[in-house]
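The following exercises introduce a structure to a reader who has not met it before. Each task is followed by a solution in steps.

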Amino acid sequence: ENKSLIREIYLSGRESYLRYAYKCSRRIIETNNYITFFAPVLRELFPRAKFVHIQRHPGDFVRSGINRNYYTGSGSDDIKRIVPVSGSEKAQWESYPQIQKISWLWRETNQFIEEFKQDLDAENFMTINFNALDVDKVHALTRFLEADVRPSFIRKKLSKRVNVQKTTIKEPFSQWKEEEKRQVDQIAGDLARQYGYKI
């Protein structure tokens, strides 16, 4: 029942894009992180879909979340973010500082993706490290997506930052206090080390 509802939400929200893509024999590439948890339904809707898992250092993710006021109740986007619904973490949730709430979001999202990838054929997903993007890696990604993009175009675009935060509240993760780093490590450390990230 929940899957049917999610399917209808996605199809109604993307109807015009899907119709245009079909009419023009084009592909849709979705880069909206808010639909990560729609992935199982997207796989059912589009059996030949390809999925890209973009990994990012949890400290950088948490810093970005702090700068964007995640889990403060001050932004309308908080409704889009997951929270624990059972277990000890639900009981502790309100006592978590913002750093740990965002660390939990990083961990739960990436664990969900890892579990989802277990059911995919290797040729249907690609994992890339956001912290180590370069022209060759992005070109490999475009080839995986069967998109014809020249390396010179990628090089030009990589030098331009998009979605840049206008104001920053928090300094880079490398400059955080040890206690703040420990809060990230407590929640996200095990998975971060699996990804080769040092906290």
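Two strands pair if DSSP finds at least two bridges between them. Helices (H or I, at least four residues) and strands (E, at least two) are DSSP runs, numbered from the N terminus. This is a predicted model, in which local features need pLDDT of at least 70 and side-chain atom pairs count only at pLDDT 80 or more, while totals for chains, interfaces and linings use all residues. Residues are numbered from 1 along each chain as its sequence is written, and side-chain values use heavy atoms, with hydrogens and water left out.

**Exercise 1. Describe the chain as a whole.**

Step 1. The chain contains eight helices and two strands, and their order along the sequence is α-α-β-α-α-α-β-α-α-α.

Step 2. The C-alpha trace spans about 55 × 45 × 35 Å along its principal axes.

Step 3. Buried means under 20% relative accessible area, exposed over 50%, and partly exposed in between (1.4 Å probe, protein chains only). By this criterion, 34% of the 199 residues of the chain count as buried.

**Exercise 2. Determine how the two strands are joined and which way the side chains of β2 point.**

Step 1. Strand β1 (residues 51-55) and β2 run parallel, joined by five bridges. Within this pair, Ile-54 stands opposite Ile-128 of β2.

Step 2. In a regular strand the side chains alternate between the two faces of the sheet.

Step 3. Strand β2 (residues 125-129) shows this alternation: Met-126 and Ile-128 point to one face and are buried, whereas Phe-125, Thr-127 and Asn-129 point to the other and are not buried.

**Exercise 3. Characterise the packing of α3 on α5, and the burial of α3.**

Step 1. Axes are lines fitted to C-alpha atoms, for helices over the stretch in contact, and angles run from 0 to 180 degrees between N-to-C directions. For helix α3 (residues 58-67) and helix α5 (residues 98-118) the angle is about 125 degrees, and the axes are 9 Å apart. That angle makes α3 oblique to α5; angles under 35 degrees count as roughly parallel, over 145 as roughly antiparallel, 65 to 115 as roughly perpendicular and the rest as oblique.

Step 2. Contact means heavy atoms within 4.5 Å. From α3 the contact draws on Pro-58, Phe-61, Val-62, Gly-65 and Ile-66, and from α5 on Gln-98, Ile-99, Ile-102, Ser-103, Leu-105 and Trp-106.

Step 3. Ala, Val, Leu, Ile, Met, Phe, Trp, Tyr, Cys and Pro count as nonpolar, Asp, Glu, Lys and Arg as charged, and the others, Gly among them, as polar. The contact of α3 with α5 then has eight nonpolar, three polar and no charged residues.

Step 4. Seven of the ten residues of α3 are buried, so the helix is mostly covered. Among them are Pro-58, Val-62, Gly-65 and Ile-66. The buried residues of α3 pack against α5 and α8 (178-194).

Step 5. Just after α3, Asn-69 has a positive phi of about 65 degrees.

**Exercise 4. Carry out the corresponding analysis for α5 and α8.**

Step 1. The angle between α5 and α8 is about 10 degrees, and their axes are 9 Å apart. That makes α5 roughly parallel to α8.

Step 2. Residues of α5, including Ile-99, Trp-104 and Arg-107, meet residues of α8, including Glu-180, Val-184 and Leu-191. The contact divides into eight nonpolar, six polar and two charged residues.

**Exercise 5. Is Thr-31 buried or exposed?**

Step 1. Thr-31 is located in the loop between α1 (2-24) and α2 (39-45).

Step 2. Its relative accessibility is 74%, so Thr-31 counts as exposed.
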